[in-house]
Each structure stands twice: as structure tokens, then as C-alpha cells.
Amino acid sequence: MNSPISKIDLEGRVFYVKRDDLIDPFLAGNKYRKLYTLLQTLSDQFNKIISYGGTQSNAMLAIAAMCKNKGWEFIYYTKPLSDAQKNEKSGNFYHAKSLGMLHVEIEQQFYKDFIASLRFNLDEKTFVIDQGGAVEEARLGLEVLAEEIRAQNLHVKSLATPSGTGTTALYLALSLPEYRVYTTPCVGDVDYLREQMSALHEIPKNLTILEPQKKYHFAKPYREFLEIQQKLLSAGVEFDLIYAPSLWKCLIEQTNEETLYIHSGGVSGNESMMRRYAQKGFR
Ligand SMILES: *Cc1c(COP(=O)(O)O)cnc(C)c1O
């Protein structure tokens, strides 16, 4: 089943949105695409998945949903959490634990070495997914997305999707050389994003990295992010509050053609982000 395309009006312009957010409540957006290869794997090939990272992670939630479907055990390592974080009754971490995720804290001083040693002595039924799903296995799922975009045959020549590790934007651009692909770094700066992408593959010419006009820190609340998110909501589509606002700002400020925005999911994290906006007095 192909995800549908919505048309929205924003700031007097027309944009199209590929609704990958509608694929599943938890296993959606680019995490669905990046986990595609694993999702196609027979259940008896593995019995355990290991990953690690932050507790707001959309990848964590998507992996938890996948493991629940497959009957795989899921162990997720983080640095130590506060009691408040552990006891939250909403948000990605809460939902992932409800789906059966086993959470293990690793002391700050051992964390780096511990993560580096995850692949030592693995048995063949265990699979390790690096933070954010930045693995070469992600490529196939992005090729499937590329085929859907081609088949939907919209008149636009430009695509857009925001970057964390850059895995999604990179493989999308490689799979669709006939389109221009816009992205922007939401973690670190342009140089950091180029570095991350280059570790996976040479960056193709049709990939354009837009630089935000202001420096934003990852996953922090910003008044202008909330403003653009609410304009998008009025236009008819809910986007995440961490990645999408920065790219939408860049698209409005730095481009002028009709563009198909690939919704990267993450809407399930808005509940806890909205709490942080409220704490900051932005609401
Ligand atoms: C993970 C994520 C991204 C970043 O994807 P990368 O492939 O790591 O660049 C963008 N948007 C949302 C909503 C995400 O959850």
C-alpha cells in the first residue's frame, strides 16, 4: 500500500506532502522506511534486537513496535535517567515500554565503551541497530519509497525531508537522481551532516543541504518552531516539533518551487514536546 499525498497551502504557496506519517501510529515515517529490510525478515531469523540512544527517540519507538509484531525481544540502552523521566506516563519512552521494550541504563563513565562493544560475541539470532537506525540496511526501504514517488508521478521536481543522521535524505537522493532533494541538519551543523552522510556514501549532486538562518539546538523548544508547526496544523497536517519546523522554515525562506515534502513521522513525540513548550511558557 502506497502512502497518499496531501496538498497544503502555506504562506501563500502550494506544497505537497507524502503522508508516511499515516503508515502506523508508532511504526511510521522514515523509521518505517529505514526498518523495511528488518520488517521483511522472517520472525524466526532473530529473537533479539539491541539498540541504544535517547529516550525521546522515534527510532526507539518504531523498533519497539516492530519487535512486538515479530515477537522479538528488544533491549534498549540509555545513559542513566531521572526518576521523572522513568515515570512519565506518555511520550515515546512510555509507549515503547508498553510495547515490551526492556530498558537498561549504563553509567555515564562506561557508556561509550559499552556501546562500542555491543557487537562483540553476538549470537546469530541477535541484531544490533545503531542509534537512529543509521545503517546501510536502510537503503532498500528508501528505494521502495522512491518507487512509490515515481509511480505517483506528481509534476514536481523537488523533494524535501529533514535530517538527523542524514540516512533518509542521502538514500532518497541516491534513489531518485531525477529529483532535487532538499534537507537541513537538525542535529549539529552542515559540516557535521556532510560528515555523517559521507560515512555511508558519497553525497550526490542532486542533494541540497539548506543552512538554517539561525543556530538551533537539537530537541529544544523554539517559539518560531511552534508557530510554523501551528500554521502547518491549520493547513491540515500535523508534523513533529523537533525536525520538521526547521526544514519548513528553510523551504519558505530559501526556495520557491513546488516541492513534495516527505513526512518523516515523529508525531507521537509531540505530546512530551508540548509539555516542554508549556514549561517554557510558550503556550
Ligand atoms: C529520525 C527522524 C529524522 C531523521 O532521519 P535521519 O535518517 O536520521 O536523517 C527526521 N524526522 C523525524 C520525525 C525523525 O524521527
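**Entry 1: helices around the ligand.** I began with the helices beside the ligand in this predicted model. Both α1 (29-34) and α8 (167-175) supply at least two residues each to the shell around the ligand. I then asked which element gives the largest share of that shell. My note reads α1, with three residues.

**Entry 2: who is in the shell.** How many residues surround the ligand? I found 16, and the closest are Lys-31, Asn-58, Gly-164, Thr-165 and Thr-168. Sorted by class, the shell holds eleven polar residues, three charged ones and two nonpolar ones.

**Entry 3: polar atoms facing the ligand.** Next I looked up some distances to oxygen atoms of the ligand. For Lys-34, a polar side-chain atom lies 2.7 Å from a ligand oxygen. For Gly-164, I noted a backbone N or O atom at 2.7 Å from an oxygen atom of the ligand. Gly-166 also uses its backbone: one of its polar atoms there is 2.8 Å from a ligand oxygen. Is the ligand mostly buried or exposed? On its own the ligand exposes 390 Å², and the protein buries 98% of that.

**Entry 4: the second largest pocket.** I turned to the pockets and picked the second largest, whose volume is about 270 Å³. It is lined by 20 residues, and I wrote down those closest to its centre: Pro-185, Gly-188, Pro-212, Lys-215 and Tyr-216. What classes make up this lining? I have twelve nonpolar residues, five charged and three polar. For a side-by-side look, I copied the ligand shell again: two nonpolar, eleven polar and three charged residues.

Conventions:
Residues numbered from 1 in each chain as written. Predicted model: local features only at pLDDT ≥ 70, side-chain atom pairs only at ≥ 80, totals over all residues. Heavy atoms only, no water. 1 Å grid on protein atoms, 1.4 Å probe; cavity = no way out; pocket = protein on both sides within 12 Å on 5 of 7 lines; lining within 4 Å. Points joined across faces, edges and corners; volume = space filled by probe spheres on them. Nonpolar A, V, L, I, M, F, W, Y, C, P; charged D, E, K, R; others polar. Near = heavy atom within 4 Å. Polar contact = N/O pair within 3.5 Å; in protein donor to acceptor, adjacent residues only side chain to side chain. Areas by Shrake-Rupley, 256 points an atom, 1.4 Å probe, with all protein chains shown as cover. Helix = DSSP H or I, 4+ residues; strand = E, 2+ residues; numbered from the N terminus.
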